[in-house]
Each structure stands twice: as C-alpha cells, then as structure tokens.
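Please open the model in a viewer and keep the selection tool at hand. The tour below proceeds stop by stop, stating what to select and what is to be found there.

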Amino acid sequence: MTRALRTARAGAILTFVLAGLMCGTFTVRLPALAGRLHLSESSVGLALLSWGLGALVTMQLMRVVMARAGSGGVLRIGAPLCAASLVLLAFVPSFPALVAASALFGMAFGAVDVAMNAQGSVVERAYGRPIMSGMHAGWCVGAISAGLAGTAAIAAGLPFTVHLLLVAAVSLPVSLVLSRTYLPDPAAETAGPSGTRDGRRRLPGVVYLLGAITFAAFMVEGVVADWNGLYLIGTLGAPEAVAALGYPVFEAGMLVARLGGDRLRGRFGARALIVSSGAATAATYLAVIAAPSAFAAVAAMFLIGLSVATISPMAMSLAGTATATPGPAIAQAGAMGYAGLLLGPVVIGFVSTLTSLRSAMVTAVVLGVLIAVAARFLPASRTLPFRRVPGGLDGRTAEDGDEPLPRAA
C-alpha cells in the first residue's frame with residue numbers, strides 16, 4: 001500500500017469528519033436558533049426545507065459538474081464555502097434571512113456530500129475492498145464532536161453566534177489543508193465533451209433502486225437529526241442540555257455500527273445487511289416513540305443509530321461501482337437521498353401540527369419497513385463488485401459467487 005494511497009484515505013475520512021462537524025453544529029443548535037427567532041415547528045420545517053432544496057439543486061448539477069471537475073475539484077471549492085455559510089447562519093436576524101442562509105448552506109453542503117462520497121469511492125476502488133462504511137464513521141465522529149461541543153457550549157452559556165463562528169474559524173483552514181490529499185478520479189481525468197456526456201447519460205436501473213433506499217435511510221436520519229431535540233423538549237419535557245445529547249448518542253450508535261460495517265458486509269453481503277438494518281430501524285424507532293421518559297428516549301437513539309448506520313454507506317458504495325466512473329451515479333443516488341432529507345422534516349413538521357410530534361414519528365417506522373422490502377430486489381453481492389488492479393483505479397470484476405451490479409447501458 002503506497003503512502004499516497006494511505007494519505008488519500010486519511011484525507012477522505014477527515015473530510016467526512018469535517019462535514020459531520022459543520023452539519024452537526026447547525027443541527028444541535030437548531031433549538032436555540034428557533035427560540036431566538038421565536039419559530040413555530042412548521043417554520044422550523046420550512047427553514048429545513050430551504051436547506052434541503054439548496055442541497056438538492058446542487059446535487060442535481062453534480063452529475064455534470066463532477067464529470068468535468070472531479071470529486072477533488074468540487075471539494076476544494078465546496079468545503080470552504082460550506083464553512084463560510086456557517087458565518088451567515090450565525091448572524092441571521094429574522095426568519096426570511098434564516099431561509100436564505102439555510103438555502104446557501106444547503107447548496108454548499110450538497111456539493112460537499114456528493115463529492116466526498118465520490119472521492120471515497122475512488123479511494124475504495126484503489127484499495128480493492130470495502131472501506132466506505134469506515135469513511136462514513138468519520139461523519140459520526142464529526143457529528144458526535146459537534147453534539148458534545150454544543151452541549152458544552154449550552155452549559156457554559158456560549159451564545160449561538162459565537163459558537164458557529166468558532167466552528168467556521170476551525171473548519172475553513174482544515175478544508176484547505178485536506179484539499180491537498182484528494183486522488184484524481186476517472187471523470188476528472190477525462191474532462192471535456194466526453195465527460196459531459198458521461199454525466200448526462202442514462203444510468204442503470206440499480207442506481208435508482210439504491211437511490212430509493214438512500215432516500216428512506218436519509219429521511220430516517222433527518223428525522224432524528226432535525227426533530228429529536230424538539231421532540232425531547234416539547235413532548236418529553238427534557239431540558240435543552242439533555243435534549244442536545246440525543247443527536248450525539250444517535251451518532252455514537254452509528255459510529256459503532258459503521259466501524260464494523262465493512263466487515264459485516266464482507267461476511268453477510270450487502271443485501272442481507274440492508275434488509276436486516278431496515279427491519280431493525282423500524283423496531284428501534286418504535287422504542288423511541290414508546291419511551292416513557294427523555295432519558296429512555298435518548299438511550300433508544302443509540303439503538304436507532306446502530307440500526308440505520310450502514311444503509312447509506314453501502315448504497316453509496318454500490319452506486320459508485322454501477323458505472324465506470326463513480327461521480328454521476330453517486331450524485332444521482334445522493335440527490336435522491338437528499339430528497340428524503342428534504343421531505344422528512346417537512347412531513348414531520350406538518351403532521352405534528354395536525355396531530356402531535358409523537359404521532360408524526362411513526363413515519364420513521366414505516367420507512368424502516370420500506371428499506372427492508374426494497375433491499376430484497378438488490379443483487380446478492382458479498383463484496384465490492386470490483387478488484388484493485390496495478391496501475392489503475394478501475395478493472396471491476398465480481399468475486400467468486402458474487403452477482404455483479406449491472407453496468408451502464
């Protein structure tokens with residue numbers, strides 16, 4: 001294993017960490033922002049809708065952009081912009097300003113999310129074995145750090161504005177350092193008219209199935225990230241400092257599962273693991289809904305994290321191997337996933353307005369069941385459908401006994 005490859009893997013993992021830190025900071029301090037601007041639950045849902053729309057718009061463009069610029073090129077611009085947009089969120093004076101700043105943050109973050117998954121796929125191809133779940137564990141580390149820092153900031157009385165400015169001040173120089181570690185991907189090496197056609201060509205059907213699974217998984221993750229704090233405070237009567245623990249506890253469960261996810265995938269296969277994860281997600285979310293106290297609900301958040309953690313990394317990894325270049329397929333699956341993040345907060349917000357937030361949480365139970373059913377239609381593959389070959393990042397092939405994912409038409 002070359003030093004450059006080890007450096008690229010470390011850079012990709014740390015990019016996931018940085019993304020989790022920036023997004024997690026916004027998520028953990030959302031109740032404080034809602035309180036400062038006196039927002040209703042439906043208004044919070046609309047602000048999150050603008051964030052999701054911004055991310056979705058950017059991700060739809062990434063199929064073409066990454067075919068030209070490559071994942072590294074997108075990250076070199078998107079990550080610093082994401083840090084800069086936190087500064088805007090720190091100073092929003094009103095609800096309309098929050099909607100605009102959330103949209104800008106979503107646009108920058110959407111580009112980062114697609115590009116870091118595509119970069120992870122490039123590194124994964126070079127390694128020739130599953131490592132994507134471990135990279136997504138980096139996201140959990142960043143999100144947990146954001147949650148713990150948020151809890152400490154709340155306990156210390158640190159203003160919301162100062163907290164976001166400190167995170168932005170750390171994130172910007174780190175993103176510039178990480179930009180030197182990225183590997184070139186096949187799309188970047190073939191930029192030009194042919195690369196543009198690759199970004200717009202029709203993708204194989206399995207990419208859209210994986211996108212649907214990612215949609216449901218992201219929607220579950222979004223429900224926890226965006227509504228667990230308000231649920232713990234408004235429904236179970238938890239103080240803000242306790243409610244802030246829900247998200248890092250959830251991410252801690254995800255971290256544990258993702259650290260072992262690649263090994264589990266190699267042993268049981270992606271399809272079996274996604275089916276069981278979807279069923280477990282439905283069961284554990286029922287435990288949160290039935291929890292009699294805030295502390296019981298926070299503990300159940302850990303189980304939800306364990307259950308849902310490996311679904312989106314496996315879906316992204318499989319999408320990245322469905323075509324010759326990972327960027328466009330991951331952009332499509334990622335865009336469908338972010339549609340789940342887009343729809344989830346809005347559905348929960350308006351259903352909770354009509355009924356109650358506890359009743360609205362049943363949506364996540366249904367999503368877990370749908371994930372388990374959809375995964376039954378995936379090809380049964382025990383390992384990545386490609387192998388590492390000398391002198392290149394491609395050379396996909398199925399291992400003995402595997403069913404390879406369909407290639408592009």
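## First stop: helix α4

Select residues 95–127, which form helix α4. With 33 residues at 1.5 Å a residue, this helix should span 48 Å, and its end C-alpha atoms lie 47 Å apart, so the two values agree. The model is a predicted one. Colour the selection by burial: 25 of the 33 residues of α4 are buried, and the helix is therefore largely enclosed by the rest of the structure. Next, select Gly-128, just after α4, where phi is positive at about 75°.

## The whole chain

Now zoom out and display the protein chain in full. Its secondary structure consists of 17 helices and 0 strands. The chain has 409 residues, of which 60% count as buried. Among the contacts with a separation of 6 or more, 84% are between residues 24 or more positions apart. If a surface is drawn, its accessible area comes to about 14,800 Å², and carbon and sulfur atoms account for 68% of that area.

## Helix α5

Select residues 132–156, helix α5. Its 25 residues, at 1.5 Å a residue, should span 36 Å; the end C-alpha atoms are 37 Å apart, which agrees. Gly-157 follows α5 and has a positive phi, near 75°.

## Helix α3 and the loop before it

Begin with His-38, in the loop between α2 (30–37) and α3. Is His-38 buried or exposed? Its relative accessible area is 73%, so His-38 is exposed. Inspect its backbone as well: His-38 has a positive phi of about 55°, although it is not a glycine. Most residues other than glycine have a negative phi.

Proceed to Ser-50 in helix α3, which covers residues 41–90. Ser-50 counts as buried because its relative accessibility is 9%, under the 20% cut-off. Show its side chain, which reaches the backbone oxygen of Ala-47 at 2.6 Å. Which residues does Ser-50 touch, not counting those up to four places away in sequence? They are Val-99, Ser-102 and Ala-103.

Further along, select Val-57, also in helix α3. At 45% relative accessibility, Val-57 counts as partly exposed. Add Leu-61 and Val-65 to the selection: with Val-57 they form a nonpolar patch on the surface, with about 240 Å² of accessible area together. An α-helix has 3.6 residues a turn, so residues three or four places apart point the same way.

## The salt bridge

How many salt bridges does a search of the whole structure find? The search finds 1 salt bridge. To view a salt bridge, select Arg-258 and Glu-221, whose closest N and O atoms are 3.8 Å apart. This pair links distant parts of the chain, with Arg-258 in helix α11 (residues 246–268) and Glu-221 in helix α9 (residues 205–234), 37 residues apart. Arg-258 counts as buried, at 2% relative accessibility. Glu-221 also counts as buried, at 15%.

## Helix α14

Select residues 311–320, helix α14. Here 10 of the 10 residues are buried, so α14 is largely enclosed by the rest of the structure. Step through the side chains of the buried residues, among them Ile-311, Pro-313, Met-314, Met-316 and Leu-318. The buried residues of α14 also include Ser-312, Ser-317 and Gly-320.

## Two pairs across the sequence

For the first pair, select Ala-339 in helix α15, residues 326–354. Then select Ala-212, which is 127 residues from Ala-339 in sequence and 9.6 Å from it in space, C-alpha to C-alpha. Display the surroundings of Ala-339: leaving aside neighbours within four places in sequence, Ala-339 is in contact with Leu-56 and Phe-215.

For the second pair, select Thr-7, in helix α1, residues 3–28. Thr-7 is partly exposed, with a relative accessible area of 37%. Add Arg-180 to the selection: Thr-7 and Arg-180 are 173 residues apart along the chain, and their C-alpha atoms are separated by 9.7 Å.

Key. Residues numbered from 1 in each chain as written. Predicted model: local features only at pLDDT ≥ 70, side-chain atom pairs only at ≥ 80, totals over all residues. Heavy atoms only, no water. Helix = DSSP H or I, 4+ residues; strand = E, 2+ residues; numbered from the N terminus. Buried < 20%, exposed > 50% of the residue type's maximum accessible area, 1.4 Å probe, protein only. Polar contact = N/O pair within 3.5 Å; in protein donor to acceptor, adjacent residues only side chain to side chain. Contact = heavy atoms within 4.5 Å. Expected span 1.5 Å × (residues − 1). Patch = residues over 30% accessible without salt bridge, like charges linked within 9 Å, V, L, I, M, F, W, Y side chains within 5 Å. Areas by Shrake-Rupley, 256 points an atom, 1.4 Å probe, with all protein chains shown as cover. Salt bridge = Lys/Arg side-chain N within 4 Å of Asp/Glu carboxyl O.
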